[in-house]
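Good morning, and thank you for the opportunity to present. I should like to walk you through one protein, beginning with its overall fold and ending with its cysteines.

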Amino acid sequence: MPSNVGCFHLCAWAHTLTEVWAWNQNAEALVGHRSASPWDDPNRRPSHADKRRAWQHELLAQEIQAVVGEHHDHAKIRDLAHRCLDLAA
């Protein structure tokens with residue numbers, strides 16, 4: 001029972017933090033991936049999934065930039081690639 005309450009709070013906070021991050025974001029940036037789906041209405045407002053996807057994209061880009069940066073460490077790049085593959089799987 002306590003684990004159910006904990007999971008509920010974790011999901012609620014994750015949802016809330018995603019909405020807070022997207023609050024001042026440009027709507028066109030949040031729905032940029034829709035061009036790959038011609039059946040999707042480009043004029044509808046961004047869904048929570050659109051916001052979450054945009055935030056994940058930004059976080060992943062920041063992580064890649066932090067690893068690659070100015071110095072190229074092949075071990076760090078390999079570790080980052082494995083983490084990215086784990087996220088995709």
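The protein contains four helices and zero strands. Both terms refer to DSSP runs, numbered from the N terminus: H or I over at least four residues for a helix, E over at least two for a strand. Along the sequence the pattern reads α-α-α-α.

Before going further, please note that this is a predicted model, in which local features need pLDDT of at least 70 and side-chain atom pairs count only at pLDDT 80 or more, whereas totals for chains, interfaces and linings use all residues. Residues are numbered from 1 along each chain as its sequence is written, and side-chain values use heavy atoms, with hydrogens and water left out.

Let us turn to packing. Of the 89 residues, 16% are buried, where buried means under 20% relative accessible area, exposed over 50%, and partly exposed in between, with a 1.4 Å probe and protein chains only. Among contacts (heavy atoms within 4.5 Å) with a separation of 6 or more, 36% join residues 24 or more positions apart.

Finally, the cysteines. How many disulfides are there in the protein? The count is zero, a disulfide being a pair of cysteine sulfur atoms within 2.5 Å. Why is Cys 7 not bonded? Its closest cysteine sulfur, in Cys 11, is 6.5 Å away, and therefore too far for a bond. As for their surroundings, Cys 7 is partly exposed, at 47% relative accessible area, while Cys 11 counts as exposed, at 55%.
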